[in-house]
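Good morning, colleagues. Please look at the structure on the screen while I describe how its helices and its nonpolar residues are arranged.

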Amino acid sequence: MKISFIMQSYLGSYPGSRSDSDKKFIRAVNSFLNQTHKDSELIIVSDGCEVTHKLYYELFKKEDRIKYVYVDKDTPNMYEGEQKYYRGFPRQVARSLATGEVTTYMDSDDYLLPHAALEYRDWETDRKSTRLNSSHEFV
């Protein structure tokens with residue numbers, strides 16, 4: 001079962017932003033690459049962040065299991081003036097690229113333990129099996 005991980009990323013600084021966001025982003029992507037379950041993909045969607053864009057092209061462009069898309073802040077439905085208008089648009093763009101049977105999300109400062117994708121796959125398999133078995137009881 002292929003799993004699509006979607007990571008929306010804005011690493012620029014803003015009031016209240018986390019420290020060392022670039023280092024945490026690199027750690028997060030590497031934790032994905034170090035998964036024991038390799039039938040997975042990571043889709044990084046940069047919501048107008050040049051830092052994310054630069055790090056992807058410097059460090060991860062050659063990784064076959066990583067897809068990258070840059071959503072410009074001038075994209076319709078992204079922002080309206082100074083107001084955030086539709087924050088979910090970058091995720092929708094990423095979902096359109098997903099090829100996994102299931103999709104999940106990770107933040108750019110997350111860290112996945114090496115068996116996280118395998119455990120997620122097993123959980124999804126069990127959940128689908130339980131749903132199928134329980135549906136027979138109602139027939």
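**Packing around F25**

Let me begin with a single residue in this predicted model. Leaving aside residues up to four places away in sequence, F25 touches M7, S9, L11, I44, T52, L55, F60 and S108.

Apart from this residue's surroundings, I turn to the cores. F25 also appears in the largest nonpolar core, which has 21 residues; F5, M7, F25, V29, L42, I44 and I66 are the members that touch the most others. At least two residues of this core come from each of strand 1 (3–9), helix 1, strand 2 (40–46), helix 2 and strand 3 (66–70). Helix 1 supplies the largest share, namely five residues. Another core, of seven residues, lies apart from this one, and its members include I6, V45, V71 and F89. As general background, nonpolar side chains in soluble globular proteins tend to be buried together.

I come now to the pair of helices. How do the axes of helix 1 and helix 2 cross? The axes of helix 1 (residues 21–33) and helix 2 (residues 50–60) come within 11 Å, at a crossing angle of roughly 45 degrees. The two helices are therefore oblique to each other. The crossing of helix 1 past helix 2 is right-handed.

Which residues make this contact? On helix 1 they are D22, F25, I26, V29, N30 and L33, and on helix 2 they are V51, T52, L55, L59 and F60. Sorted by class, the contact comprises eight nonpolar, two polar and one charged residues.

Conventions. Residues numbered from 1 in each chain as written. Predicted model: local features only at pLDDT ≥ 70, side-chain atom pairs only at ≥ 80, totals over all residues. Heavy atoms only, no water. Axes fitted to C-alpha atoms, helices over the stretch in contact; angles between N-to-C directions. Helix = DSSP H or I, 4+ residues; strand = E, 2+ residues; numbered from the N terminus. Parallel < 35°, antiparallel > 145°, perpendicular 65-115°, else oblique. Left-handed = near helix turned anticlockwise from the far one by under 90°. Contact = heavy atoms within 4.5 Å. Nonpolar A, V, L, I, M, F, W, Y, C, P; charged D, E, K, R; others polar. Core = buried A, V, L, I, M, F, W, Y, C linked by side-chain atoms within 4.5 Å. Buried < 20%, exposed > 50% of the residue type's maximum accessible area, 1.4 Å probe, protein only.
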